[in-house]
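Biologist: I am new to this structure and would be grateful for a close look at a single part of it. Please begin with the following.

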Amino acid sequence: MTELRNVERELHRFRSRVLAAVAFVLLGFGLIGARLFHLQVLQHDALSARAEANRIAVLPSVPNRGLIVDRNGIVLATNYSAYTLEITPSKLEQPMERVIEQLAQMVEVTQRDRRRFKRLLEESKSFDSVPLRNRLSDEEVARFTAQRFRFPGVEVKARLFRQYPLGETGSHLIGYMGRINQAEKKAMEDWDEDLQANYRGTDYIGKLGVEQSYETMLHGTTGFEEVETSAGGRAVRRLRTHPPTPGNTVVLSVDIKLQALVEELFGDRRGALVAMDPRSGEVLAFVSKPTFDPNLFVDGIDVDNWRELNESIDKPLLNRALRGTYPPGSTFKPFMAIAALSTGKRNAGQIVYDNGSFQFGNHTFRSHGDHGLGPVDMHRSIVMSSNVYYYSLANEMGVDLMHDQLEPFGFGRRTGIDIQGEATGILPSTEWKRRAYKRPEQQKWYAGETISLGIGQGYNNFTMLQIANAMSTLLSGGQRPPPHLVREVQDVVTHQKRTVEREALPPLALKPEHVEVIKRAMYGVTQEGTSTKVFAGAPYRSGGKTGTAQAVTVRQNERYNAARLAEHQRDHSLYLAFAPLEAPTIALAVIVENAGFGAAAAAPIARRVFDYWLLGNYPSEDDVAATRRGQSVAPTGTPRRAEDVPLPGNVEVVAGFGTPPQRMAQGAAAAANEDVKR
């Protein structure tokens, strides 16, 4: 039987299927076309940028850090380039310890290197590159490079390292460079975008001193390289380069040879000295002893050296010139005298009878081993250092008037020097005591507490920077330029020098005749007073004031006996001075901790500073040795010319800064001799 087929129906079904297939194909092509339109047209700019970013790697180029030089162009901080062997933990394909052991077979990896690496590893993220070994030799670099394929995640990099050619000399004022730690990274997140971008690729930052405070000027501007990379991340060719701009050269006002001389004169003793130019506020020497070697911190200090520095009873990391606070002792008396003249509490000729002690209530305040000086006016009170004169003056003035008169000189507040970390010190007042203590009975000011303030004891505590700054203010007739360590900054590109703008405080209304009374009395200290032997034979005229400050309190019924006290409990030796008398160009404050009477240890250092600054003389080797032992008065032996005495370390000099030391010394000596003739 023949089956009949419905041709029309089958044709309709076929056509329907063809149309569905065509529609499906057209829909597919439509979707593809729409996607292409979205990618090629709508998303073109964004995807083009992403593709370019995948193809091009932008590598930061860290700039050379700027130099730090002294006033005569001697280089105090510079840079050197060295190879480092670095590990990126996230890229390792083997356990860390195994990789280090294998690397140690090709390059030397000491226990110190391992300890430092472990510490840096704890402070870093897994994708950070952490140095295992610094300063590889060319031979070590070649050995590793030949085997590099075996160590994914390990590479040799060329890095710049900071170097301090003079070692420990001036370390507290210069500061040091160190690796950026986690706390500093956290703080950097608050910087603006441009500043953060300028530190990409940078692992080190300035810490302490000038290195920290002038970080932005020293750092320079980071450059970059655009490098075309393959799909595997390998560099194919360099597309564009924007070189980094080196940091500026920072020129200090400090004379580093004077700084080195003072540090040598201190020897192993603890203390501080600040020398300033009272006309400008320039700091000429900023000494804190003991010092430390800042080069130890460049690679990351090891545990043993850190423990030795941090746990030493001498506290070598403490900047005593900036943060060490001490009772000023009798060096406070010239400022009490100017306050008395300014307020009318005393005139220069008023007589006070010094019988060796001052009685206040039931308490006896002693003076100079209970030996009286008899009738004393203001001049003799400073020359002979009468305690009774200033006990009675303090009682008459009261603590708040003393505070109000002396605070403008910079006592008890920061001077504003251009490095961070300055201590405030204490210039007491009734308000200060209310804020300083919690219990009501402690907050009350007792009249008996005022008496010892007059001779620089009691609650008085100041830094040598504050005392030297106060002396400069007095000598300048009340002018108050802020003390500063940096003289100028030189642009490394244009070579232009510019001074750093600093705003001076309003001047004090000091009467010239009052200032002259104090200066003449301090000159008398060197001629007939407590530092006469130290300044014997000096071809210039200077003023000074010795001071002896208690480190521990002696009971009323006891006498001070240094032999019975531990070395760290003995009195401090202080000296405050200026020169030349007629037109001072240098003022200083110096303390030698636990060294006793001011004329015995501190004043001899001041004499040798003036001989250097005014005459260009460097003491003989025997005289240096005697001064270090605290057994010198006036200089002995034949002094050396300052320019003939070498500095420690590898000294470089950058031309064009300051006055050559020899010409400076000759000019100052001529001026000093002219002063004496007048």
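How many bridges join strand β20 to β21, and do the two run parallel or antiparallel?

Modeller: Please bear in mind that this is a predicted model. Strand β20, residues 572–579, is joined to β21 by seven bridges, and the two strands run antiparallel. Within this pairing, L576 has A589 of β21 as its bridge partner. Six residues lie between β20 and β21, and the two strands form a hairpin.

Strand β21 also pairs with β11, which covers residues 271–276; six bridges join them, and this pair too is antiparallel. Here L273 has V590 of β21 as its bridge partner.

The setting of β21 can be described residue by residue. The side chains of I586, L588, V590 and V592 point one way from the strand, while A587, A589 and I591 point the other way, and all of these residues are buried. Buried here means under 20% relative accessible area. Because seven of the seven residues of β21, residues 586–592, are buried, the strand is largely enclosed by the rest of the structure.

L273, the partner of V590, leads on to the interior of the chain. L273 is in contact with F286, whose other contacts beyond four places in sequence include V274, L173, N319, L465 and L485. F286 belongs to the largest nonpolar core, which has 99 residues; together with F409 and F411, F286 touches the most other members. Helix α22, residues 464–475, gives this core its largest share, eight residues. Apart from this core lies another, of 35 residues, and V592 of β21 is among its members, as are V287, I605 and V624.

A contrast is offered by L36, which is found in helix α1, residues 7–42. L36 is partly exposed, with a relative accessible area of 45%. L36 forms a nonpolar patch on the surface with F24, V25, F29 and I32, and together these residues have about 550 Å² of accessible area.

For the chain as a whole, there are 26 helices and 23 strands. Of its 678 residues, 48% count as buried. Among contacts with a separation of 6 or more, 74% are between residues 24 or more positions apart. The chain exposes about 32,800 Å², of which carbon and sulfur atoms supply 51%.

Terms used. Residues numbered from 1 in each chain as written. Predicted model: local features only at pLDDT ≥ 70, side-chain atom pairs only at ≥ 80, totals over all residues. Heavy atoms only, no water. Buried < 20%, exposed > 50% of the residue type's maximum accessible area, 1.4 Å probe, protein only. Helix = DSSP H or I, 4+ residues; strand = E, 2+ residues; numbered from the N terminus. Pairing = 2+ DSSP bridges. Patch = residues over 30% accessible without salt bridge, like charges linked within 9 Å, V, L, I, M, F, W, Y side chains within 5 Å. Areas by Shrake-Rupley, 256 points an atom, 1.4 Å probe, with all protein chains shown as cover. Salt bridge = Lys/Arg side-chain N within 4 Å of Asp/Glu carboxyl O. Core = buried A, V, L, I, M, F, W, Y, C linked by side-chain atoms within 4.5 Å. Contact = heavy atoms within 4.5 Å.
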